[in-house]
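Got your viewer open? Load the model, colour it by secondary structure, and follow along one selection at a time.

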Amino acid sequence: MTPRNLWQALAGRAYLRTAWPWRGVAYLGTGVLSGAVALVGVLVLVAFSAILVGLPLLLFSGVALAGTERWRLRIADAEPAADPHRTPPEAGITVWGRTRVREQATWRELAYALLHATVLWPLELLALGVGIGAPLAMTAAPLQLAVDGGHEARVAKLWLVTGYPAAFASAAAGLVLLALFLYPLGALAAARAALARAVLAPREAELRTRIGEVTRSRARLVAAFEAERRRIERDLHDGAQQRLVALTMSLGLARLDVPPDGPLAERLALAHDEAGKALTELRELVHGIHPQVLSDYGLAAALADAADRSAVPVVTDVELPRLERPVETAAYFAVGEALANAAKHSGASRVRLTARHTGDLLAVEIHDDGTGGADPERGTGLTGLADRLAVLDGTLAITSPPGGPTVLRLEIPCRTGTHPSA
């Protein structure tokens, strides 16, 4: 298994042969840099806080540093740390600041910034000095001896070597120490990354809040989409369709007023036929946007209508109450897509459509006797079908072995017997 963080890498036998030891060193080294910058920034803001200018900036300095730290965490841990903050309800710096002050994450990030600026980065600097600096100084003993004239050199300012045999022995010992020190340095970097994730990543309650916000936002988008769909349908039905009906009637009356054998009669007949075809196509379009039977009589009647219009014979077994409008719409178009796929790709001679609502779940199953082998990756509309259901927390299960049959089962959570008015 490929390690995804330093803890997993340390548990493997090939730790020293991977890039993880040096990623740990890089994480500690960049921590020293960010900590030093944070210390300077904190001191400056504390100084300006005496005149009440730097106090708000000091409060939100943790937010700025935390963003950098979550990005830097990827050095030691491949799993990204999510931003724990909520999106402000409105634009503007005042609303943003009010939202941040009310969040626990802001205060955790401020505490982390102060700890990082005063305690953590000096410890990281000390660890790197002992674990990397000292072994590298020992490894450089032959070079240092050569620079000093080949007579004597003081290694790491601690002991004196007076010849190349001792210098090379020091270099070998330095390499061994470096390999040994990479383990505690990796453990320190892993612990440091775990601390950053524990403080800066969202807590479970914050994740639940964000999931709730996303769910509500998605529900609003679905409702807005359905409202726009109904508006387009109404405009087409009451506007363009009525104009085409009037045009067709006018052309029909005009045909009665001209000699039947003349060239004008032929042109009027052609125009009359084209207007009739355009009206038929527009009616099909309006039906495809949102069938009237779905609005008036519900999903059960709409599925029966879809079965009657299918190119493949469909046997229906549908027992459904009226459901929520978004659920009925999503289920109807998903079934329509499934029936279209069966007609185009499966070679089926018969389809069985079953729909039930039990408890708080709508379950629809489409079973065809075709050749099977349905694969969402081949672009047959199954991916879009699954995406349509996912908007309502629905799921799509596909069973389609080569040779058939193909069974599509879609499930959508919904309350029992509710249907809000348009």
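How many residues sit between β6 and β7 in their hairpin, and which residue in the turn has a positive phi? Select the two strands, β6 at residues 395-399 and β7 at residues 406-413. There are 6 residues between them, and G403 in the turn has a positive phi of about 95°. Keep in mind as you click around that this is a predicted model.

**The whole chain**

Zoom out for a second. The protein chain holds 13 helices and 7 strands. Of its 422 residues, 39% count as buried. Take the contacts between residues at least 6 apart in sequence: 70% of them join residues at least 24 apart.

**Along the sheet**

Back to the hairpin. β6 and β7 run antiparallel, joined by 5 bridges. Show L396 and you'll find L410 of β7 opposite.

Now add β5, residues 361-368, on to the picture: β5 and β7 are also antiparallel, with 8 bridges between them. Two pairs to label here are A363 with its bridge partner E411, and D368, which stands opposite T406.

Next, bring in β3 (314-319) and β4 (351-358). These two pair in the parallel sense over 6 bridges, and E319 has R356 in β4 as its bridge partner.

With the five strands selected, you have an open sheet with mixed pairing, in the order β3-β4-β5-β7-β6. β3 and β6 are at the edges; each has a single partner strand, so one side of each has no neighbour in the sheet. On average, neighbouring strands are turned by 10° against each other, direction ignored.

**What lies on the sheet**

Select residues 299-309, helix α11: this helix packs on the sheet and touches β3, β4 and β5. The direction of α11 makes about 180° with that of β3. Then pick residues 325-346, helix α12, which lies across β3, β4, β5 and β7 and runs at about 10° to β5.

Stay with β4 and turn on side chains. Which residues make up its covered face, and which the uncovered one? V351, L353, A355 and H357 are on the covered face, while R352, T354, R356 and T358 are on the uncovered one. In a regular strand, side chains alternate between the two faces of the sheet.

**Over to helix α2**

Jump to residues 20-49, helix α2, and add helix α5, residues 104-139. Their axes come within 8 Å and cross at roughly 140°, so the two helices are oblique to each other. The crossing is left-handed. On the α2 side, the contact includes V25, L28, V32 and L39; on the α5 side, look for residues including L114, W121, L125 and I132. By class, the contact has 13 nonpolar, 5 polar and 1 charged residues.

Last stop: hide α5 and show helix α7, residues 164-200. Here the axes are 8 Å apart and the packing angle is about 55°, which makes α2 oblique to α7. This crossing is left-handed too. P21, W22, G24, V25, Y27 and L28 of α2 meet a set of α7 residues, among them L178, L182, L185 and R192. The contact of α2 with α7 divides into 12 nonpolar, 1 polar and 1 charged residues. Try highlighting V25 and L28, which are in the contact with α5 and in the one with α7.

Note on methods:
Residues numbered from 1 in each chain as written. Predicted model: local features only at pLDDT ≥ 70, side-chain atom pairs only at ≥ 80, totals over all residues. Heavy atoms only, no water. Axes fitted to C-alpha atoms, helices over the stretch in contact; angles between N-to-C directions. Helix = DSSP H or I, 4+ residues; strand = E, 2+ residues; numbered from the N terminus. Parallel < 35°, antiparallel > 145°, perpendicular 65-115°, else oblique. Left-handed = near helix turned anticlockwise from the far one by under 90°. Contact = heavy atoms within 4.5 Å. Nonpolar A, V, L, I, M, F, W, Y, C, P; charged D, E, K, R; others polar. Pairing = 2+ DSSP bridges. Buried < 20%, exposed > 50% of the residue type's maximum accessible area, 1.4 Å probe, protein only.
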